[in-house]
Amino acid sequence: MSDIRKIVAIMFTDIVGYTKLMGIDEQKTLKLLDENKNIHQSIIGRHSGMCIKEMGDGMLASFDTASDAVTAAIEIQKECTCIK
Amino acid sequence: MLSLLQSKYKKNVHVLNEYQLRIGIHIGEVIFRDNDVLGDGVNIASRIQSITDPGAIFISEAVYQNVSNKKQIKTSYNKEVQLKNVIGPVKIYKVLIDPNNNDNLIKANKSLSRNALLFFLLFTAIAVFFMQIISSVQEEKYNMKSSSIISARAFLDVYPNPVSTILTISIGVKSITIQRPVIKILDLNGVVMYSSEFAPIQQAFLNTIDVSRLKNAEYIVQLFDGSKYLEKISFLKK
């Protein structure tokens, strides 16, 4: 076992009404998931974060500092407003 | 590579109009094991995310304490919640995504840093202190003034002005009674041209005097209570 204990900033994100969107238009929602993932990965990477897990519509990432996590979150929200 | 990804997702706009994210952030000790992350810190972050408003970013108090001194990050206190399987209530703060937005600005003002809040309180205290001093000074002034005019709350008026024949003298009193009202008309050399005593005045008084015999000049009407001078007013005889 290689357990590493660390103090990190943990960020959880998910898409509101993901299952409902799937019900409305599966193809579009899958496309949206891809875009969403791309946004997350690029922005999280830019703020020295780490994508740990993907859970369907959600994402779990860790950051070394709280400000990195919050700044990345703001950028992700702004970017997803642009997609809309 | 990153720029390639960015350009890719920027091309695929307008997929679904309802697309909104919820983001929750917490900071704490976690355990990294086999490309996974475990621990209470992860659970709290997950719970915070589950109560976040659509399109919003909610952070725990621990995160807030770390970012509250960062100028570029604006937050507002949101609520205190009891999260499932988490001991004790957790204070939740909301990150303002667009602080230039008016609505957000109001909230940002609410979440001023402690220093700013202290400053504000200090300023308010000083302002209140000075206002009290000013008002007490004004009160004193008023008291002095009112005590000096307390005997002179009689308002003397004459009309028409200029006058040729009949001069009307009007006296109004407030809160006092003029026990022995005496009206005198003097010329500018101080020679008394007319003097008469009237019945006590409690509210208002009107009297007419024929001044047609006076020479054309300026005159002064004086009002006394007995021998005590109250008011004066001048008029022109034409």
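Me: Which residues make up the covered face of E11(B), and which the uncovered one?

Reply: The covered face holds Tyr219(B), Val221(B), Leu223(B) and Asp225(B). Glu218(B), Ile220(B), Gln222(B) and Phe224(B) sit on the uncovered face. That every-other-residue pattern fits a general habit: in a regular strand the side chains alternate between the two faces of the sheet. Keep in mind that this is a predicted model, where local features need pLDDT of at least 70, side-chain atom pairs count only at pLDDT 80 or more, and totals for chains, interfaces and linings use all residues. Residues are numbered from 1 along each chain as its sequence is written, while chains are lettered from A and ligands numbered from 1 in the order in which they are written.

Me: Why is E11(B) called a strand?

Reply: E11(B) spans residues 218–225, and a DSSP run of E with at least two residues counts as a strand (helices are runs of H or I with at least four, and both kinds are numbered from the N terminus). By that rule, chain B comes to five helices and twelve strands.

Me: How do you know that E8(B) and E11(B) pair?

Reply: Two strands pair if DSSP finds at least two bridges between them. E8(B), residues 181–187, and E11(B) have seven, in the antiparallel sense, so they pass. Pro181(B) stands opposite Asp225(B), and Asp187(B) has Tyr219(B) as its bridge partner.

Me: What about E11(B) and E12(B)?

Reply: Those two share eight bridges, again antiparallel. One of the bridges puts Glu218(B) with Leu236(B). The two strands form a hairpin with two residues between them, and Gly226(B) in the turn has a positive phi of about 65°.

Me: What makes E9(B) and E12(B) the edge strands?

Reply: The open sheet runs E9-E8-E11-E12 in chain B with antiparallel pairing. E9(B), residues 192–197, and E12(B), residues 228–236, each pair on one side only. Neighbouring strands are turned by 15° against each other on average, direction ignored. For such angles, axes are lines fitted to C-alpha atoms (for helices over the stretch in contact), and values run from 0 to 180 degrees between N-to-C directions.

Me: How many strands are in the sheet with E7(B), and what is their order?

Reply: That open sheet has three strands, in the order E6-E7-E10, with antiparallel pairing. Six bridges join E6(B) to E7(B), and Tyr159(B) stands opposite Thr168(B).

Me: What is unusual in the loop between E6 and E7 of chain B?

Reply: Most residues other than glycine have a negative phi, and most peptide bonds are trans. Pro160(B) lies in this loop, yet the bond joining Tyr159(B) to Pro160(B) is cis, with omega about -5°. Pro162(B) is found there as well, and the bond from Asn161(B) to Pro162(B) is cis too, with omega near 0°.

Me: Why does Asn35(B) count as exposed?

Reply: A residue is exposed if 12 or fewer other C-beta atoms lie within 10 Å of its own, buried if 20 or more do, and partly exposed in between, with C-beta atoms placed from the backbone. Asn35(B) has 7 such neighbours, so it is exposed. Asn35(B) lies in the loop between E1 and E2 of chain B, and has a positive phi of about 60° although it is not a glycine. Ser48(A) has 11 such neighbours, which makes Ser48(A) exposed as well. Its phi is positive too, about 45°.

Me: What makes the group around Ala9(A) a nonpolar core?

Reply: A nonpolar core is a set of buried Ala, Val, Leu, Ile, Met, Phe, Trp, Tyr and Cys residues joined through C-beta atoms within 7 Å. The largest one here has 44 residues. Ala9(A), Met11(A), Val70(A), Ala73(A) and Ile25(B) have the most contacts inside it. Helix H3 (66–83) of chain A gives the largest share, eight residues. A second, separate core of 14 residues includes Val158(B), Ile183(B), Phe205(B) and Val221(B).

Me: How do you know that chains A and B touch, and how many residues take part?

Reply: Two residues are in contact if their C-beta atoms, placed from the backbone, lie within 7 Å. The contact takes 44 residues from chain B and 46 from chain A. On the chain B side, E1(B) brings the largest share, 13 residues. E1(A), residues 4–15, and E1(B) also pair antiparallel over twelve bridges, with Phe12(A) partnered by Gly24(B).
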